[in-house]
Amino acid sequence: WTPPEVAPFAADPRYKVMEPCISPDGALLFFASDRPREGDGPARPDHDIWFAERVPSGWGPARPVPGGVNSDAPDFYPSLARNGTLYFTRDDPATGLSELRRATRAGDAWNESERLPDAVQLGRTRFNAWVDPDERFLIIPSFVLPDSRGGTDYYLVRRLAEGWSEPANLGDAVNTADRREYSACLSPDGRALFFMSARN
């Protein structure tokens with residue numbers, strides 16, 4: 001691995017830039033940020049989802065995702081399917097709980113987002129879902145399910161013809177008694193699972 005470099009669109013220290021996701025074709029990079037949607041001003045109180053296009057020199061300028069994705073609530077943790085459908089998390093400021101949403105792509109913009117079915121809204125709260133590029137399954141960090149090893153565990157939910165499957169705990173090789181297992185993704189070839197954990 002080369003030494004890390006700060007991406008040009010993430011260099012302004014006034015704003016948070018987090019949770020990057022590269023599209024399956026490598027052409028787009030999505031991320032969450034609290035920067036203003038227009039102009040040069042103070043950070044927003046919430047996060048929106050932004051993206052940048054790959055250019056010969058690296059990545060082009062960042063823009064908020066156009067269409068029906070961003071709201072006045074915190075929107076974060078983008079994950080993109082091969083067909084352009086964008087999965088993400090939205091926090092409910094009234095309850096402090098998170099819900100999983102998705103928005104289909106329509107040309108150069110995205111349609112109004114929809115809440116995913118209750119079958120994938122796992123546990124007391126859930127967030128940071130990673131979608132398989134072909135939308136065959138989701139990996140979801142969920143807080144407090146009956147078979148949880150700790151606070152938050154990773155679960156896999158398959159997309160079936162009749163709906164979504166029951167959640168399957170990813171097991172002791174991944175989940176621990178620690179509360180902070182918050183985000184996961186598979187390598188492009190599907191052979192390696194990368195995930196966050198606060199274990200020693």
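These are my notebook entries on a few strands, loops and a pocket that I looked up in this structure. I kept in mind throughout that the model is predicted.

**Entry 1: the four-stranded sheet**

I started with an open sheet of four strands, and I wanted to know in what order they stand. I read the order as β6-β7-β8-β11, with antiparallel pairing. Next I asked which strands stand at the edges. They are β6 (75-80) and β11 (114-115). Each has a single partner strand, so one side of each is left without a neighbour in the sheet.

**Entry 2: β7 and its two partners**

I then followed β7, which covers residues 86-91. On one side I found β6, paired with β7 in the antiparallel sense over four bridges. On the other I found β8 (residues 98-103), antiparallel to β7 and joined to it by six bridges.

I picked out some facing residues to help me find my way. D75 stands opposite R90 in β7, and R90 in turn has E99 as its bridge partner in β8. Looking along the β7 and β8 pair again, I noted that F88 has R101 as its bridge partner in β8.

Both links turned out to be hairpins. Between β6 and β7 there are five residues, and G84 in that hairpin takes a positive phi near 95°. The hairpin of β7 and β8 has six residues between the strands, and here G96 in the turn has a positive phi of about 75°.

How many residues of β7 are buried? I noted five of the six, so β7 is largely enclosed by the rest of the structure.

**Entry 3: β15 and its neighbours**

My next stop was β15, residues 152-160. Seven bridges join β15 to β14 (residues 137-143), and the two run antiparallel. I wrote down one pair here: I139 has L156 as its bridge partner in β15.

L156 came up again when I looked at β17 (residues 168-169). Two bridges join β15 to β17, again antiparallel, and the partner of L156 in β17 is A168. I can therefore place L156 between two bridge partners, I139 and A168, using the pairings that DSSP bridges define.

β15 also pairs with β16 (residues 163-164), in the antiparallel sense and over two bridges. In β16, G163 is the bridge partner of L160. These two strands form a hairpin with two residues between them.

**Entry 4: E181, a charged residue in a loop**

I went on to E181, which lies in the loop between β17 and β18 (184-186). Is E181 buried or exposed? Its relative accessibility is 0%, so I count E181 as buried.

I then asked what the side chain of E181 makes polar contacts with. I found the side chain of T176 at 2.6 Å and the side chain of S197 at 3.4 Å. Leaving aside residues up to four places away in sequence, I also listed what E181 touches; among them are P141, T152, D153, Y154, V174, M196 and R199.

**Entry 5: two residues with positive phi**

I looked here at backbone angles. Most residues other than glycine have a negative phi. With that in mind I noted two residues that go the other way.

E135 has a positive phi of about 60° although it is not a glycine. I found E135 in the loop between β13 and β14, and at 11% relative accessibility it counts as buried.

V144 is not a glycine either, and its phi is near 65°. V144 sits in the loop between β14 and β15. With a relative accessible area of 35%, V144 is partly exposed.

**Entry 6: the largest pocket**

I finished with the largest pocket, which has a volume of about 770 Å³. Which residues lie nearest its centre? Of the 30 residues that line the pocket, I noted I22, W130, C185, L186 and P188. The elements giving two or more residues to the lining are β1 (17-22), β6, β13 (130-131), β18 and β19 (193-195). I had met β6 before, as an edge strand of the sheet in my first entry.

I also looked up how the lining divides by residue kind: 18 are nonpolar, six polar and six charged.

Definitions and conventions:
Residues numbered from 1 in each chain as written. Predicted model: local features only at pLDDT ≥ 70, side-chain atom pairs only at ≥ 80, totals over all residues. Heavy atoms only, no water. Buried < 20%, exposed > 50% of the residue type's maximum accessible area, 1.4 Å probe, protein only. Polar contact = N/O pair within 3.5 Å; in protein donor to acceptor, adjacent residues only side chain to side chain. Contact = heavy atoms within 4.5 Å. 1 Å grid on protein atoms, 1.4 Å probe; cavity = no way out; pocket = protein on both sides within 12 Å on 5 of 7 lines; lining within 4 Å. Points joined across faces, edges and corners; volume = space filled by probe spheres on them. Nonpolar A, V, L, I, M, F, W, Y, C, P; charged D, E, K, R; others polar.
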